[in-house]
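Subject: Structure handover

Hello,

Here is the structure I promised to pass on. My notes follow below it.

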Amino acid sequence: MTGRQVAALVVLLASQFMMAADFSVLNVALPEVGTALGFSTGSLQWISTTFALCAAGCTLVFGRVGDYVGRRRIFTAGMAVLAVSSLVGGIAESPAMLLTARTLQGLATAAVTPAALALLTTAFTEPALRTRALGLNSVMMSSGFSVGAILGGFLTDVFSWRWAFFINIPVAVAAILIVPLVVDESRAEKRSRIDLPGAVLITLGLFSAIYGVTRVGEDGFDLVAGASLIAAAVLLGVFWAVQSRTVDALVPVRVLKKPDIAFGNLAALFIFGGETALIFFTGLYVQDVLGLSSLAAGLVLLGIGVGQIIAGTVGPRILQRVPPRTLLGVSLFLQGAFMLPALWATSDTRWLIPLIATQFVNAFFSMTAALSFMVIATSSVDSDMQGMATGMATQSQQVGIAIGIPLISAVFAAVIGHGTVTAAEELNGIHTAIGVAGCCQVVVGLLLWAVLRRKTALPG
């Protein structure tokens, strides 16, 4: 890489890391935030849900807009919104003010993440360098979720939960100043009108789906959850019909029908949904079952962070020897397999050592699966559609992150019921939830391996 490419890589990866960390940085601090600002216990989940709704619901739209107006322009605008929203969140004095900040942070993530990824794929066109850059990007995206939890626990215990917001500001300002100096503007060569009906339908459809799933996870299946899921199915069905008849479609149906795009984005739902659920239930296990602090819970997650970093470093070399389609299925299978040893966790703190060890291996294969998915998703379309491809890939990640915890929490709630539970009852619920998540990954990994193993390797 040239010096300019290295500088571009550093600033873009730092932004990706911060976007990912923002999702989880407040998770371990939710009780303190609720006490400080007057959130009720039932409304605390909206601190995460509002962020997830906007991040997952708008990513594809912003990715496609970046193709038209310029990906660097969208990136810097998103970073400006992140700086402002982080300031608002840090000084928030009411639930409404904090939720407004989280909404804006979600929108900033939806704008910045696909733009940064598209800038990477267009800045690094040589296959080996692109795979290396995408590997490092996957490290930042995946490890950001686990490190965000660690960082949130540290900042909350040592300073205040408000610093979980303030820490974004210098990173955002630095990105705004540096990116124009080291990253060239990038946009589609062929410009056409923006598909507004498609943008509205996909955004509302995903909003409805994520809200419905979140409601099921929090309160069980009720009329509102059912209506939201039905509305999501209708809106997404209409979206498909509109895309098949629109000349300048937001996502051309011919792209959606590509096996690489379809199976890759399906895999992302399980890769990221399973990993965030594991992080969430590990935090519950350490704090509620073992009775340790939020900082201790964050430190336990170091095994996941280290595993992801190592895998991101060696993953591009593995991809030089193993076709991405093969590595995707095998990695997802092993990610799920190494989630299952948590079923034998007990209330004895001595079990922390094997838990950290197995989660390290789980995280390693989670990262190789994520890297394989990203290579497949971005190598299957031409440069004019890189914003769309990276937006779709990022959206799949965000949707997986947004629905993973609510879906597995619904399993957890079905086991423990509602009301006060003992540590033993909660441990039983954690066992069942993690078991379901791990088995789903194992099954989907095997199916992907069986379907994709006969295809030829992608370049790079």
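Is arginine 162 buried or exposed? Arginine 162 is buried, with a relative accessible area of 19%. Please keep in mind that this is a predicted model.

**Salt bridges**

Arginine 162 has a charged partner. Its side chain forms a salt bridge with glutamate 93, and the closest N and O atoms are 3.8 Å apart. The cut-off for such a bridge is 4 Å. Glutamate 93 sits in the loop between helix H4 (71-90) and helix H5 (95-123), and arginine 162 in the loop between H6 and H7, so the bridge ties together parts that are 69 residues apart in sequence. Glutamate 93 is exposed, at 60% relative accessible area.

How many salt bridges are there by this rule? The count is two. The other pair I can name is arginine 350 with aspartate 348, at 2.7 Å from N to O. Arginine 350 is exposed, with a relative accessible area of 66%. Aspartate 348 is partly exposed, at 28%.

**The chain as a whole**

The chain has 460 residues, and 57% of them are buried. Its secondary structure comes to 18 helices and zero strands. Take the contacts between residues at least 6 apart in sequence: 84% of these join residues at least 24 apart. The accessible surface is about 17,500 Å². Carbon and sulfur atoms account for 69% of that surface.

**A buried charge**

Glutamate 426 deserves a look. This residue is in helix H18 (residues 423-452). Glutamate 426 is buried yet has no salt bridge. Which side chain of opposite charge is nearest to glutamate 426? That is arginine 102, and it is 20 Å away. What does glutamate 426 touch, then, leaving out residues up to four places away in sequence? The list is Leu284, Asp288, Phe412, Ile416 and Val421. Asp288 is on that list, and Asp counts as negative, as does Glu.

**Aromatic pairs**

The structure holds four aromatic pairs. In one of them, tryptophan 163 and phenylalanine 166 have ring centres 5.4 Å apart and planes at 80 degrees, so the pair is edge-to-face. Both residues belong to helix H7 (residues 163-166). They are separated by about one helical turn because they are three residues apart in that helix. Tryptophan 163 is partly exposed, at 43% relative accessibility. Phenylalanine 166 is also partly exposed, at 22%.

Phenylalanine 364 and phenylalanine 365 make another pair. Their ring centres are 5.4 Å apart and their planes are at 80 degrees, so this pair is edge-to-face. Phenylalanine 364 counts as buried because its relative accessibility is 18%, under the 20% cut-off. Phe338 joins Phe364 and Phe365 in one aromatic cluster.

**A nonpolar surface patch**

Which residues make the nonpolar surface patch of about 420 Å²? They are Phe154, Val158, Phe159 and Trp163. Tryptophan 163 therefore appears twice in these notes: in the patch and in the edge-to-face pair with phenylalanine 166. Phenylalanine 154 lies in helix H6 (residues 127-158). Its relative accessible area is 40%, so phenylalanine 154 is partly exposed.

**Two pairs of C-alpha atoms**

Leucine 196 is in helix H9 (residues 196-219). This leucine counts as exposed, at 57% relative accessibility. How far apart are the C-alpha atoms of leucine 196 and valine 61? They are separated by 9.2 Å, while the two residues are 135 apart along the chain.

Tryptophan 240 is in helix H10 (residues 223-245). It is partly exposed, at 40% relative accessibility. The C-alpha atom of tryptophan 240 is 8.6 Å from that of glycine 198, a residue 42 places away along the chain. Glycine 198 falls within helix H9 (residues 196-219).

**In short**

Three items to take away:

- Arginine 162 is buried and bridges to glutamate 93.
- Glutamate 426 is buried and has no salt bridge.
- Phe154, Val158, Phe159 and Trp163 make a nonpolar patch of about 420 Å² on the surface.

Best wishes

Notes. Residues numbered from 1 in each chain as written. Predicted model: local features only at pLDDT ≥ 70, side-chain atom pairs only at ≥ 80, totals over all residues. Heavy atoms only, no water. Helix = DSSP H or I, 4+ residues; strand = E, 2+ residues; numbered from the N terminus. Buried < 20%, exposed > 50% of the residue type's maximum accessible area, 1.4 Å probe, protein only. Patch = residues over 30% accessible without salt bridge, like charges linked within 9 Å, V, L, I, M, F, W, Y side chains within 5 Å. Areas by Shrake-Rupley, 256 points an atom, 1.4 Å probe, with all protein chains shown as cover. Contact = heavy atoms within 4.5 Å. Phe/Tyr/Trp six-rings, centres within 6.5 Å; stacked < 30°, edge-to-face > 60°.
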